[in-house]
Amino acid sequence: QVQLVESGGGLVQAGGSLRLSCAASGRTFSSYGMGWFRQPPGKERKFVASISSSGRSTYYVDSVKGRFTISRDNAKNTMYLRMNSLQPADTADYYCAAQSVVGGTFDIWGQGTQVTVSS
């Protein structure tokens, strides 16, 4: 089972960009479907984007389409989330997650990284 560690969060002005990283331990990273979720202050955690184990398939929630790009480098055991045109509504704790079973729920989680977008 992999362990996940996020990094790359921070404070950015509206319109700016950030790239989040999710580093995975273990030799089986390439077999996991992966995803990003976010939890705004005082709200529930929600899905942002996902990527298949091979990286060929991606999916986004409508609110980030065209602004965020999910990718992965299986040789580096790392997944990324490139976030452009950030808005204050994107302020949240961002979590990476893995599916231990193909097509199953996201059941392995990182500790999160905070993103704050100022207006």
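Strands here are DSSP runs of E, at least two residues long, numbered from the N terminus. The model is a predicted one.

**Exercise 1. Ser85**

Task: Place Ser85 among the strands, and decide whether Ser85 is buried, partly exposed or exposed.

Solution:
- Start with the location. Ser85 sits in the loop that links strand 8 and strand 9 (92-99).
- Take the backbone next. Phi of Ser85 is positive, about 50°, although Ser85 is not a glycine.
- Then apply the cut-offs. Buried is under 20% relative accessible area and exposed is over 50%. Ser85 has 40%, so Ser85 is partly exposed.

**Exercise 2. Two more loops**

Task: Locate Asn77 and Arg27, and describe a feature of each.

Solution:
- Asn77 belongs to the loop between strand 7 (68-73) and strand 8 (78-83).
- Asn77 is not a glycine, yet its phi is positive, near 55°.
- Arg27 falls in the loop between strand 3 (18-24) and strand 4 (33-39).
- The relative accessibility of Arg27 is 84%, so Arg27 counts as exposed.
- Now compare sequence with space. Arg27 and Ala75 are 48 residues apart in sequence, and their C-alpha atoms are 9.8 Å apart.

**Exercise 3. The four-stranded sheet**

Task: Work out which strands stand at the edges of the sheet with order 1-3-8-7, and why one side of each has no neighbour.

Solution:
- Read the order. The sheet is open, has 4 strands and pairs in the antiparallel sense.
- Look at the ends. Strand 1 (4-7) and strand 7 each have a single partner strand, so one side of each is left without a neighbour in the sheet.
- Add the geometry. Neighbouring strands are turned by 15° against each other on average, direction ignored.
- Check one pair. Strand 7 and strand 8 are antiparallel and share 6 bridges.
- Pick out a bridge. Phe68 has Met83 in strand 8 as its bridge partner.

**Exercise 4. The nonpolar core**

Task: Which residues have the most contacts inside the largest nonpolar core, and which elements give two or more residues to this core?

Solution:
- Begin with the count. The largest nonpolar core holds 29 residues.
- Name the residues with the most contacts inside it. They are Leu4, Met34, Trp36, Met79, Leu81 and Met83.
- List the elements. Strand 3, strand 4, strand 5 (46-51), strand 7, strand 8, strand 9 and strand 11 (113-118) give two or more residues each.
- Follow one residue. Leaving out residues up to four places away in sequence, Leu81 touches several residues, among them Leu20, Trp36, Val48, Phe68, Ile70 and Tyr94.
- Set this in context. Nonpolar side chains tend to be buried together in soluble globular proteins.

Key. Residues are numbered from 1 along each chain as its sequence is written. This is a predicted model: local features need pLDDT of at least 70, side-chain atom pairs count only at pLDDT 80 or more; totals for chains, interfaces and linings use all residues. Side-chain values use heavy atoms; hydrogens and water are left out. Buried means under 20% relative accessible area, exposed over 50%, partly exposed in between (1.4 Å probe, protein chains only). Two strands pair if DSSP finds at least two bridges between them. Axes are lines fitted to C-alpha atoms, for helices over the stretch in contact, and angles run from 0 to 180 degrees between N-to-C directions. A nonpolar core is a set of buried Ala, Val, Leu, Ile, Met, Phe, Trp, Tyr and Cys residues joined through side-chain atoms within 4.5 Å. Contact means heavy atoms within 4.5 Å.
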